[in-house]
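Work through these short exercises on a protein fold. Try each task yourself before you read its solution.

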Amino acid sequence: MTAFFSFYMKTLERIYQYYSKRNIISTDSRKIDEGCVFVALKGERFDGNDFAYQVAIEGKAACVIADRKDLPAHERLFIVENSLTTLQHLARLHRERCNIPIIGITGTNGKTTTKELVATTLSKKYNIIYTQGNFNNHLGVPLTLLRIKPETELAVVEMGANHPGEIAQLCEIAQPDYGIITNIGKAHIEGFGSFDGVIKTKNELYQYLRTKGESLKTKVFVNGNNELLMKLSDGMDRIVYKTTDNRQRTTDHTSPFLEIDWNNNNIKTHLVGDYNYENVMAAIAVGTYFGVEENLIMEALENYVPSNNRSQFIRSEKNEIVMDAYNANPSSMHHSITNFKNIADDNTLLILGDMKELGCESENEHRHIINLLKELNFDNVILVGEEFKKVSHGTDYINFNNVEELIDHINQNGIVGKRILIKGSNSTHLEKLANIL
């Protein structure tokens, strides 16, 4: 062990002892609770290191600050080489000492909804913490783990990635005991390089659990209808849930909401889209394994109402809106459009935004969506973004360069009495349309 490493570990232990007093972490100097640990991070517009020393001398918090060896020594000031790395190490240390079961969830589509459904189901029996929103990256995962309190019994941790190796890194921090990969589809091709790169990265969760399972008990929950996931999880200790084992009540034009028959019970969800069926079944599988009573599982799933622009149904004074605009990739776009056909009526309108981060495959994937729209005989379509504009020549679909142009069009012409699907990548900001539709 080098002298530097030994010194760093002693510093990390001192930070952890301070953190353990209140179990509160902050990365925002404007939100400092008494007795918390403030980790100064450098962002695009602000550098938390500029505020850390003042926070320390005010006495409300201990501060972890990066590369500021010129500052005077202070008992509540911990200077490290990289504050984000230290935050990750702190989270891993906390996870090891808490030693509670952790469920890791990743996948191309549905991971946030599945995480929400699993969490609401488990909370019927256990004191849990889970990833808030989609805070599922190299910063969000550590902050989620550092919310674990002495009374916490289970943690549900969502893991996202757009480059190879990221899931493996998050697994090393969170050290999950259980895993769910919702599915693997084409997304973030620009970062992964190819679909094979996507598969390899998502499979890093299984690979971690395989290795950990050699010494400790691990388990995965696998959709038995997904041939790729069944192949990747072959030989693992797994619980398989299958959609064919249960009769599915699909959504239709009379009601947009998904209903499911399970164990002679009818579960009426507030989710729009048959594609959410697999997410619901994953939550049922996890809840059942952890001993949540059947009636409580039903209650949890029926009471969950999405509010994050995912599979969300909005009935405004003017229109009925299926808001699924948090993100979009070829597989999720295909599922949303085909499902919308089930609930379409004579006053249907689709507003679709570009799918981002597809790299060299972008033009072909957007063209596939145009062909799907034609195949399903959708005539009333509005497209937003340069990628769709490239491939929509020869159609009657309306194009706008960005959402601001579309908003101007709606303000001038109005859209009333429609059932509308809104779907696009987050950066197209189609969620802005909810306020005017």
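The exercises below concern this predicted model.

**Exercise 1. The open sheet**

Task: Give the strand order of the open sheet of 6 strands, and find the strands at its edges.

Solution:
- Step 1. Read the order across the sheet: 6-7-5-8-9-10, with parallel pairing.
- Step 2. Look for strands that have a single partner. These are strand 6 (128-130) and strand 10 (238-241), so each has one side without a neighbour in the sheet.
- Step 3. Follow the twist. From one strand to the next, it averages 15°.
- Step 4. Zoom in on one pair. Strand 5 (residues 102-106) and strand 8 (residues 178-181) run parallel and share 4 bridges. Here Ile103 sits opposite Tyr178 of strand 8.

**Exercise 2. Strand 3**

Task: Decide whether strand 3 (residues 61-66) is enclosed or open to the outside, and name its partners.

Solution:
- Step 1. Recall the cut-off: buried means under 20% relative accessible area.
- Step 2. Apply it. In strand 3, 6 of the 6 residues are buried, so the strand is largely enclosed by the rest of the structure.
- Step 3. Sort the residues by face. In a regular strand, side chains alternate between the two faces of the sheet. One side of strand 3 carries Ala61, Cys63 and Ile65, the other Ala62, Val64 and Ala66, and all are buried.
- Step 4. Find the partners. Strand 2 (residues 36-39) runs parallel to strand 3 and is joined to it by 4 bridges. Strand 4 (residues 77-80) also pairs with strand 3 in the parallel sense, over 4 bridges.
- Step 5. Pick out bridge partners. Val37 is matched with Ala62 in strand 3, and Ile65 with Ile79 in strand 4.

**Exercise 3. The nonpolar cores**

Task: Describe the largest nonpolar core and list the contacts of Ile25.

Solution:
- Step 1. Take the size. The largest core has 49 residues.
- Step 2. Name the residues with the most contacts inside it: Ile25, Val37, Leu145 and Tyr206.
- Step 3. Ask what supplies the largest share. Helix 1 (residues 3-20) does, with 6 residues.
- Step 4. Follow Ile25. Neighbours within four places in sequence are set aside. Ile25 then touches Tyr19, Val37, Val39, Leu87, Leu90, Leu143 and Leu146.
- Step 5. Look beyond this core. Another core of 32 residues lies apart from it, and includes Leu117, Phe221, Ile267 and Val286.

**Exercise 4. Salt bridges**

Task: From the 17 salt bridges, compare a pair within one helix with pairs that join distant parts of the sequence.

Solution:
- Step 1. Start inside helix 3 (residues 83-98). Glu96 and Arg92 lie there, 4 residues apart, about one turn of the helix. Their closest N and O atoms are 3.1 Å apart.
- Step 2. Check their exposure. Glu96 has 38% relative accessibility, so it counts as partly exposed. Arg92, at 32%, is also partly exposed.
- Step 3. Widen the view. Arg92, Glu96 and Glu172 form a network of salt bridges.
- Step 4. Move to Arg95 and Asp177, whose closest N and O atoms are 2.9 Å apart. Arg95 is in helix 3 and Asp177 in the loop between helix 6 (166-174) and strand 8, so the pair ties together parts 82 residues apart in sequence. Arg95 is buried at 4%, and Asp177 at 15%.
- Step 5. Finish with Arg419 and Glu320, at 2.7 Å from N to O. Arg419 belongs to strand 19 (residues 419-423) and Glu320 to strand 15 (residues 320-324), so this pair ties together parts 99 residues apart in sequence. Arg419 is buried, with a relative accessible area of 5%.

Note on methods
Residues numbered from 1 in each chain as written. Predicted model: local features only at pLDDT ≥ 70, side-chain atom pairs only at ≥ 80, totals over all residues. Heavy atoms only, no water. Pairing = 2+ DSSP bridges. Helix = DSSP H or I, 4+ residues; strand = E, 2+ residues; numbered from the N terminus. Axes fitted to C-alpha atoms, helices over the stretch in contact; angles between N-to-C directions. Core = buried A, V, L, I, M, F, W, Y, C linked by side-chain atoms within 4.5 Å. Buried < 20%, exposed > 50% of the residue type's maximum accessible area, 1.4 Å probe, protein only. Contact = heavy atoms within 4.5 Å. Salt bridge = Lys/Arg side-chain N within 4 Å of Asp/Glu carboxyl O.
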